[in-house]
Amino acid sequence: MDKQIQIINTGPDYKKIYHDFIKSKCPDKWENVKQYLSKESMTLSDVLKVNNIIFVDRLSENQKFKSYDKETIFEILTYQKKHKLNNSQLARHFKLSRNTVTKWRRIFLL
């Protein structure tokens, strides 16, 4: 019998996405981001830093298209607790809406 291999989708491959994007759209920024893209796997903070380096000019334009999975939301809320930030401070740090942070806290921390 043939064995079928199941591939589990664990989310987007940010390394590949950013590598391809930088290669085609902005090769001049490669030196600034290669330390993040050379890692085995990218953390949330790595993704946010690379995103800021690439999209510094169009940051407000890209904000409306962000989405977060549960793992990322928990990481952000853990960051808030660890650094003793209120919702406004956390929202500013991650460039989120205060309402979004409040909603996440209401949903995930009750």
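Gln 80 lies in helix α5. Helices here are DSSP runs of H or I with at least four residues, strands are E runs of at least two, and both are numbered from the N terminus. This is a predicted model, in which local features need pLDDT of at least 70, side-chain atom pairs count only at pLDDT 80 or more, and totals for chains, interfaces and linings use all residues. Residues are numbered from 1 along each chain as its sequence is written, and side-chain values use heavy atoms, with hydrogens and water left out.

**Gln 80**

Gln 80 is buried, at a relative accessible area of 4%. Buried means under 20% relative accessible area, exposed means over 50%, and partly exposed falls in between (1.4 Å probe, protein chains only). Which residues does Gln 80 contact, leaving aside its neighbours within four places in sequence? They are Leu 85, Asn 86, Asn 87, Leu 90, Val 101 and Arg 105. Contact means heavy atoms within 4.5 Å.

**Packing of α5**

Axes are lines fitted to C-alpha atoms, for helices over the stretch in contact, and angles run from 0 to 180 degrees between N-to-C directions.

| Helix pair | Angle | Axis distance |
|---|---|---|
| α5 (residues 70-82) and α6 (residues 87-94) | about 125 degrees | 10 Å |
| α5 and α7 (residues 98-108) | roughly 100 degrees | within 11 Å |

The second angle makes α5 roughly perpendicular to α7. By contrast, α5 and α6 are oblique to each other. Angles under 35 degrees count as roughly parallel, over 145 as roughly antiparallel, 65 to 115 as roughly perpendicular and the rest as oblique. The crossing of α5 and α6 is right-handed; that is, the near helix is turned clockwise from the far one by less than a right angle, while anticlockwise would be left-handed.

Toward α6, helix α5 offers Ile 76, Leu 77, Tyr 79 and Gln 80. Their partners in α6 are Asn 87, Leu 90, His 93 and Phe 94. This contact has five nonpolar, three polar and no charged residues. Nonpolar covers Ala, Val, Leu, Ile, Met, Phe, Trp, Tyr, Cys and Pro; charged covers Asp, Glu, Lys and Arg; the others, Gly among them, are polar.

Toward α7, helix α5 uses Lys 70, Ile 73, Phe 74, Ile 76, Leu 77 and Gln 80. They meet Val 101, Trp 104, Arg 105 and Phe 108. The α5 and α7 contact comprises seven nonpolar, one polar and two charged residues.

**Whole protein**

The protein has seven helices and zero strands. Buried residues make up 25% of its 110 residues. Of contacts between residues at least 6 apart in sequence, 48% join residues at least 24 apart.
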